[in-house]
Amino acid sequence: MPSDLYTPHLQHTLDIIGIFVFAISGGLLAVRKNFDIFGIAVLAQVTALGGGVLRDVLIGAVPPAAFTDMWFFFTPLVAAALVFFLHPEVERINKAVQFFDAAGLGLFCVTGTIKAYAYGLGLVPSAALGVATAAGGGVVRDVLANQVPSLLRWDEIYAVPAMVGATLVALLIRFDEFNATTGTLSAVVAFVLRLLAIRFEWRAPRAWHRSSAAKESDA
Amino acid sequence: MPSDLYTPHLQHTLDIIGIFVFAISGGLLAVRKNFDIFGIAVLAQVTALGGGVLRDVLIGAVPPAAFTDMWFFFTPLVAAALVFFLHPEVERINKAVQFFDAAGLGLFCVTGTIKAYAYGLGLVPSAALGVATAAGGGVVRDVLANQVPSLLRWDEIYAVPAMVGATLVALLIRFDEFNATTGTLSAVVAFVLRLLAIRFEWRAPRAWHRSSAAKESDA
Amino acid sequence: MPSDLYTPHLQHTLDIIGIFVFAISGGLLAVRKNFDIFGIAVLAQVTALGGGVLRDVLIGAVPPAAFTDMWFFFTPLVAAALVFFLHPEVERINKAVQFFDAAGLGLFCVTGTIKAYAYGLGLVPSAALGVATAAGGGVVRDVLANQVPSLLRWDEIYAVPAMVGATLVALLIRFDEFNATTGTLSAVVAFVLRLLAIRFEWRAPRAWHRSSAAKESDA
């Protein structure tokens with residue numbers, strides 16, 4: 001039951017690209033964590049497919065596309081093999097993880113929103129599921145690698161680009177302006193926002209720490 | 001498909017209260033972990049909605065209420081905003097997390113059991129899902145914040161109050177004595193049990209550590 | 001909707017044995033982590049049932065068998081009680097965890113593949129879900145206990161035995177040679193492979209660490 005907002009072919013192509021770049025980010029983190037080739041393959045799989053599987057389970061689209069579409073299944077393995085043989089020098093891996101992760105974030109916040117909407121959800125929950133699709137894979141990746149998800153860390157602006165991208169898509173659908181071009185633009189906006197946030201080290205405010213905490217931070 | 005054990009309105013009100021207090025507990029933990037405003041919002045959301053979404057996915061009630069009911073979606077954001085501006089001094093946050101978490105635990109072990117029963121599960125699995133609903137959000141919260149869930153730590157009595165509350169509800173249903181009053185009482189029992197366990201530092205027995213371990217603990 | 005590849009009775013018996021041994025492994029890890037009796041029970045439950053629940057949610061078999069079959073629900077509690085009273089000396093627990101975990105891995109990669117296939121999935125996704133069923137419970141166990149899953153660690157060969165077992169089953173089905181004997185043999189192959197991997201400390205290759213990393217490992 002693909003959305004007719006995109007042609008099925010375009011939707012599928014974008015999904016595969018998103019899966020590929022997320023799988024690269026998962027595989028690279030596995031390299032940095034010193035996992036072996038199977039750990040690399042598994043982390044590539046769950047990072048690439050985790051967000052979409054989460055969304056599909058939540059909207060009742062089971063079995064998830066990840067288990068019925070061979071492209072979804074094998075693309076992360078190709079990405080894992082590439083990472084295994086061609087990963088960059090270790091000190092550059094973090095940057096590469098972030099770059100590919102940003103690309104996946106942009107693509108998935110758009111395609112996730114569209115698919116949820118195509119399954120009959122309202123615009124707000126569709127956008128929320130778009131964010132969950134975009135962020136879910138990375139959260140699973142970070143939890144399995146035993147680190148606090150980028151999604152939550154104060155020194156990362158991660159949720160915002162996905163929220164912006166998903167909200168743009170919801171607004172475009174609302175005002176009947178969604179098409180391949182505006183959808184792709186939304187993905188690019190989210191992608192670029194995330195890259196800018198990394199490049200310029202944007203930070204969001206943290207809660208005001210009163211008394212003891214204030215003293216700590218004064219010290 | 002709301003249960004007719006509670007009126008839909010009462011069930012909904014209790015759900016919203018439970019979501020609110022759990023969201024407060026998630027938001028406060030995010031403050032303690034130094035997450036930014038978006039991390040606070042996300043952790044409030046997953047803590048508040050995680051248990052219910054888990055239950056809904058398991059009983060096949062998809063999309064979960066969290067994605068179709070705007071109250072469910074926005075209540076945690078209100079809670080997150082409150083926490084952001086009004087959180088207590090840092091050294092008091094732990095106590096506040098525990099208090100609100102206990103309130104959510106009490107409410108959700110009751111409403112979770114009822115909803116599972118309303119979907120046709122038996123009394124034992126309904127009570128188990130009540131416990132999962134009550135404990136699930138906190139587990140997701142703790143896993144994302146990279147700490148061992150309270151549910152499992154030996155220095156916490158966490159599962160027991162939820163089990164007592166859910167079992168009470170199952171027994172009340174079994175003997176046809178479930179109504180708004182007895183249901184609310186069950187929630188209060190679980191809530192008070194949890195608070196007493198914290199206040200008096202109740203502990204459950206750990207496994208008997210033989211030989212080497214025994215020696216260690218003798219030392 | 002049990003598979004007719006095994007008789008329902010045999011399938012059920014194997015499931016219960018798998019649940020029992022996985023529950024033992026979860027309970028023992030809980031003992032090592034110093035959790036109390038309820039933590040032991042909970043970790044036994046999620047380890048034993050996690051993989052199967054994951055598979056059932058993904059193939060749309062909700063509520064999962066874990067919530068409708070009393071054997072599934074109570075077997076882990078029996079295992080938890082056994083662990084509580086009879087666990088081995090602490091220094092031997094790790095070995096015992098690994099032994100029982102290996103037995104569960106072998107059984108579940110077979111029964112998981114069969115059940116997914118019985119629900120209409122293709123052979124490749126069925127095998128993938130077999131691996132997920134086998135590995136899922138252990139991953140949830142390790143994530144809750146706040147350690148990197150064996151599935152991913154480079155010093156463990158964990159995924160491979162499950163992949164071999166699940167692939168054997170898929171091939172047996174493909175060539176119409178699946179029966180109780182060949183199925184059980186597949187489980188034994190996976191089990192023995194995992195034990196051999198532990199005993200002889202087999203390792204899989206890690207990614208080639210260039211420059212800085214290479215220097216590190218030379219040092």
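This tour moves through a predicted model, from the arrangement of the chains to annotated spans, helix pairs and a single residue.

**The chains together**

Begin with chains B and C shown as C-alpha traces, since a turn of 120° with a shift of 0.0 Å along the axis lays chain C on chain B with an RMSD of 0.0 Å. That is the relation of a three-fold axis. Next, colour the interface residues of these two chains: only 10% of those in chain C are also interface residues in chain B, so the copies meet through different surfaces.

Now bring in chain A and compare it with chain C, on which it can be laid by a turn of 120° and a shift of 0.0 Å along the axis, again with an RMSD of 0.0 Å. Here too the copies use different surfaces, with 10% of the contact residues of chain A recurring in chain C.

**Annotated spans of chain A**

Hide the other chains and select residues 13-87 and 99-172 of chain A, where UniProt, in an unreviewed entry, places the feature "domain: Glycine transporter". In the span of residues 13-87 of chain A, 80% is helix and 0% is strand, and the end C-alpha atoms lie 24 Å apart. For residues 99-172 of chain A, the end C-alpha atoms are 26 Å apart, and the span is 76% helix and 0% strand.

Then replace that selection with residues 12-31, 38-58, 70-87, 124-144 and 156-175 of chain A, which carry the UniProt annotation "transmembrane region", also from an unreviewed entry. Among them, residues 70-87 of chain A are 94% helix and 0% strand, with end C-alpha atoms 25 Å apart. Another to pick out is the span of residues 156-175 of chain A, in which the end C-alpha atoms lie 32 Å apart and the content is 80% helix and 0% strand.

**A helix pair between chains A and C**

Show chain C again and select helix α3 (residues 70-86) of chain A with helix α5 (residues 123-144) of chain C, which pack at an angle of about 60° with their axes 10 Å apart. That angle makes α3(A) oblique to α5(C), and α3(A) passes α5(C) in a left-handed crossing. Display the side chains where the two helices touch: Met70(A), Phe73(A) and Phe74(A) in α3(A) meet Val124(C), Pro125(C) and Ala128(C) in α5(C). The residues of this contact divide into 6 nonpolar, no polar and no charged.

**A helix pair within chain B**

Move to chain B and select helix α1 (residues 8-32) and helix α5 (residues 123-144), which pack with their axes 10 Å apart at an angle of about 15°. That makes α1(B) roughly parallel to α5(B), and the crossing of α1(B) and α5(B) is right-handed. On the α1(B) side, Phe22(B), Ser25(B), Gly26(B) and Leu29(B) meet Ala134(B), Arg141(B) and Asp142(B) in α5(B). The residues of the contact of α1(B) with α5(B) comprise 3 nonpolar, 2 polar and 2 charged.

**A single residue in chain A**

Finish at Phe191(A), which is found in helix α7 (residues 180-199) of chain A. Once neighbours within four places in sequence are left aside, Phe191(A) is in contact with Phe99(A), Ala102(A), Ala103(A) and Gly106(A). To place one of these partners, draw a distance between the C-alpha atoms of Phe191(A) and Phe99(A), which are separated by 8.9 Å although the two residues stand 92 residues apart along the chain.

Terms used:
Residues are numbered from 1 along each chain as its sequence is written. Chains are lettered from A and ligands numbered from 1 in the order in which they are written. This is a predicted model: local features need pLDDT of at least 70, side-chain atom pairs count only at pLDDT 80 or more; totals for chains, interfaces and linings use all residues. Side-chain values use heavy atoms; hydrogens and water are left out. Axes are lines fitted to C-alpha atoms, for helices over the stretch in contact, and angles run from 0 to 180 degrees between N-to-C directions. Helices (H or I, at least four residues) and strands (E, at least two) are DSSP runs, numbered from the N terminus. Angles under 35 degrees count as roughly parallel, over 145 as roughly antiparallel, 65 to 115 as roughly perpendicular and the rest as oblique. A crossing is left-handed if the near helix is turned anticlockwise from the far one by less than a right angle, and right-handed if clockwise. Contact means heavy atoms within 4.5 Å. Ala, Val, Leu, Ile, Met, Phe, Trp, Tyr, Cys and Pro count as nonpolar, Asp, Glu, Lys and Arg as charged, and the others, Gly among them, as polar. UniProt positions are given in the numbering used here, feature names are shortened, and annotations may be inferred rather than shown by experiment. Copies are superposed by least squares on the C-alpha atoms of residues with pLDDT of at least 70 in both.
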